[in-house]
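Me: Could you take a close look at one part of this protein with me? I would like to go through its charged pairs.

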Amino acid sequence: MAAILASIILFTATPTPASVHVTINDLVGTWVTVRGDCRDGQHRLSANGDYTVWCFDSISQGKWFFRAGNEVVVRYDSKKADEAIITVLGIERYSDHTFLTVRYQDGSREKWMK
């Protein structure tokens, strides 16, 4: 009986990861990729919904919006329903810059700095 009680206490005390909640104000701006596939690339999320990404020698543009407290949804072609979802996994705020840890739909991850 004591083992069952101890297991219940241990299970309830185990932390579960909370989803990250960011605001639109956190996201708006130009972010530099500091870790990931496109190192030194940039992502610009404008307040009017424009999205631009520079990676190596290519530039892509589209529209973005925010949903579910931690998802950035990007549509590169307004005529298609296709969308890319960038999930914000973490945010670190400092006095002079902010870091975002993000995951793409294919499972790859990057760290961005603003």
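Is E92 buried, partly exposed or exposed?

Reply: Happy to help. This is a predicted model, in which local features need pLDDT of at least 70 and side-chain atom pairs count only at pLDDT 80 or more, while totals for chains, interfaces and linings use all residues. Residues are numbered from 1 along each chain as its sequence is written, and side-chain values use heavy atoms, with hydrogens and water left out.

E92 is partly exposed, because its relative accessible area is 27% (buried means under 20%, exposed over 50%, partly exposed in between, with a 1.4 Å probe and protein chains only). E92 makes a salt bridge with K111, with 2.9 Å between the closest N and O atoms (a salt bridge is a side-chain nitrogen of Lys or Arg within 4 Å of a carboxyl oxygen of Asp or Glu). This pair links distant parts of the chain, since E92 sits in strand β6 and K111 in strand β8, 19 residues apart (strands are DSSP runs of E, at least two residues, and helices are runs of H or I, at least four, numbered from the N terminus). K111 has a relative accessible area of 15%, so K111 is buried.

By this rule there are 6 salt bridges. Another one joins the side chains of R93 and D26 at 2.8 Å, N to O. Here R93 belongs to strand β6 and D26 to helix α2 (residues 24-27), 67 residues apart. D26 counts as buried because its relative accessibility is 17%.

R75 also pairs with E83, their closest N and O atoms lying 2.8 Å apart. Both R75, at 35%, and E83, at 25%, are partly exposed. Finally, salt bridges link R67, E71, R75 and E83 in a network.
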